[in-house]
Amino acid sequence: MANSKYEYVKSFEANDEVMFPNLIVVRIDGRDFRRFSEVHEFERPNDEKALNLMNACAISVLEEYPDIVFSYGFSDEYSDIIAEVMMQNSIPHCFFFLFDICYKMEGVFPHERYEISPTFNGRVICCATIEVLQEYLAWRQNDCHANNQYNTCLWKLVESGKTEKEAQEILKEEDIAKYSENGTPVKRLRRKARILHSENIAGRSFWNVHQNLLKQLGCFAEDIGKINPDYIRSFLFENKLMPSTWIVIRIDGCHFHRFCDVHAFEKPNDVQALNLMNSCAVAVLEEFQDVIFSYGVSDEYSFVLKKDSKFLQRQASGIVSAIVSFFSSMYVMNWKSFFPQKELKYTPSFDGRAICYPSSEILRDYLAWRQVDCHINNQYNTCFWALVKSGKSKSDAQNTLKGTQALEKNQILAQFGIDYNALPAILRQGSSVFSVKEDVVIHENGSSVEKLRNKVIVEYCNIIEQSFWEAHPGILD
């Protein structure tokens with residue numbers, strides 16, 4: 001990253017770590033998936049195609065992240081088990097699943113289109129021993145059975161003529177709490193993933209048949225008896241963010257150089273790709289009312305939550321997974337609007353982290369740091385690709401630019417007839433997304449009424465200067 005006087009804000013970034021040799025369970029869970037299934041008219045109580053879609057995504061995750069050695073899922077939930085890794089920054093990065101459900105939906109539901117974007121929450125559970133893992137798996141499969149039995153009864157009663165409320169009263173029982181997790185693996189040798197259905201995935205009879213699981217995770221000493229969900233919940237990896245601080249969720253494309261090459265993005269900047277990112281950021285501000293400002297450049301976006309936000313009880317993993325998954329699904333959903341002639345060849349992925357800043361001044365310095373980075377990196381890349389397009393090799397272009405300052409880079413660009421300061425502001429200053437008040441006329445009962453409403457806009461402006469914040473005092477007020 002580029003150096004600037006704002007670099008000190010990096011000291012506020014904390015890395016969480018799940019220490020070796022814990023077994024790591026990453027559980028993702030659909031956020032408001034009941035509404036999603038209703039809008040898309042999934043069959044009740046179970047839609048086999050929707051379950052197969054989840055399974056297909058789980059296979060993709062195992063193929064993409066070889067540290068995940070076993071996965072168990074039902075309904076809108078999946079648990080991935082990671083073995084023998086030191087997991088830096090436990091805030092979820094493994095959002096490949098979230099993109100893939102958008103990417104694969106066209107194949108599973110070829111005649112359907114997305115009406116709303118799917119979103120997932122994620123959370124990490126640390127299993128200190130193989131016995132804890134065994135009890136966790138038994139708990140989740142027991143939940144699968146209990147929930148499926150309840151839902152099957154519920155919808156049979158509804159089909160018989162009962163209202164949903166009447167059916168719920170007949171079946172009234174204590175609700176089963178759901179939890180979510182997520183985490184990050186490192187690529188190694190690829191294994192072929194398989195889907196299996198078993199009556200008891202926590203039993204020794206199932207585990208002993210699959211020697212690869214025994215080798216990587218260990219063996220169960222005995223079959224489990226009574227399940228204690230509270231015992232398992234005690235292993236949830238909690239990371240509540242400091243109260244009364246500004247929360248910034250920064251997301252960043254994973255291996256986006258390859259993604260850009262495969263999809264033939266223009267170099268050094270593809271304006272349509274930037275506009276696609278901006279459309280996703282606008283959707284985030286419209287979906288999550290606690291997000292009051294965002295700043296983006298290239299494949300990166302920073303989302304600022306208001307200082308007194310209580311969103312998801314300020315749990316870092318929940319906030320990051322919700323925002324990244326929503327952004328991810330919007331990227332896939334909006335692809336054709338910005339690249340109608342280009343096929344999305346494979347699913348991209350983003351990682352994310354949460355950072356807390358104690359004051360508005362430090363938050364503004366953080367945003368200034370990102371905008372300084374935007375300028376420095378864009379100026380370098382513009383020079384680099386101008387040199388490459390002129391016939392130089394990439395290594396020659398790098399050597400030419402080595403140690404050059406801003407003035408020297410501008411002189412190099414001038415040789416190619418490029419005035420850096422005349423380039424579009426979206427390239428030099430990045431994109432700022434925030435809400436403004438606008439007057440709208442609403443027609444009610446034959447009369448017209450003027451009302452104020454929030455409108456999310458994108459601007460390409462200087463957010464380092466005081467003048468921007470004076471012009472928009474409501475953002476940080």
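**Strands, cores and a pocket**

Strands β2 (residues 23-30) and β6 run antiparallel and are joined by eight bridges. That pairing comes from a predicted model, and it's a handy way into the rest of the fold. Below: the buried strand β6, two nonpolar cores, a pocket and a serine in helix α1.

**Strand β6**
- Looking at one bridge in the pairing, V26 has V124 of β6 as its partner.
- β6 spans residues 120-127, and eight of its eight residues are buried.
- F120, G122, V124 and C126 point one way from the strand, while N121, R123, I125 and C127 point the other way.
- That pattern fits the general rule that side chains in a regular strand alternate between the two faces of the sheet.
- Both sets are buried, so R123 and N121 are tucked away just as V124 is, given that buried means under 20% relative accessible area.

**Nonpolar cores**
- The largest nonpolar core has 44 residues, and the members that touch the most others are I249, F303, I323, F327 and Y331.
- At least two residues of this core come from each of β7 (246-253), α9 (256-262), α10 (271-287), β9 (300-305), α11 (316-338) and β10 (350-357).
- Helix α11 chips in the largest share, at 13 residues.
- Take I249 as a close-up: leaving aside residues up to four places away in sequence, I249 touches Y301, S302, F303, L305, I319, V320, I323, R353 and A354.
- There's also a second, separate core of 27 residues, with V372, C461, I463 and F468 among them.
- As a general matter, nonpolar side chains in soluble globular proteins tend to be buried together.

**The second largest pocket**
- This pocket holds about 1,400 Å³ of space.
- It is lined by 49 residues, and the closest to its centre are H257, S298, D299, N377 and N381.
- Helix α12 (residues 360-389) gives the most to the lining, with 12 residues.
- Sorted by class, the lining is a mix: 20 nonpolar, 18 polar and 11 charged residues.

**S37 in helix α1**
- S37 sits in helix α1, which covers residues 33-39.
- Why does S37 count as buried? Its relative accessibility is 13%, and the cut-off for buried is under 20%.
- Setting aside residues up to four places away in sequence, S37 touches F42 and R44.

Notes: Residues are numbered from 1 along each chain as its sequence is written. This is a predicted model: local features need pLDDT of at least 70, side-chain atom pairs count only at pLDDT 80 or more; totals for chains, interfaces and linings use all residues. Side-chain values use heavy atoms; hydrogens and water are left out. On a 1 Å grid over the protein atoms alone, a cavity is a set of points where a 1.4 Å probe fits but cannot get out, and a pocket is an open set with protein on both sides within 12 Å along at least five of seven lines; lining residues have an atom within 4 Å of a point. Grid points are joined across faces, edges and corners, and a volume is the space filled by probe spheres set on the points. Helices (H or I, at least four residues) and strands (E, at least two) are DSSP runs, numbered from the N terminus. Ala, Val, Leu, Ile, Met, Phe, Trp, Tyr, Cys and Pro count as nonpolar, Asp, Glu, Lys and Arg as charged, and the others, Gly among them, as polar. Buried means under 20% relative accessible area, exposed over 50%, partly exposed in between (1.4 Å probe, protein chains only). Two strands pair if DSSP finds at least two bridges between them. A nonpolar core is a set of buried Ala, Val, Leu, Ile, Met, Phe, Trp, Tyr and Cys residues joined through side-chain atoms within 4.5 Å. Contact means heavy atoms within 4.5 Å.
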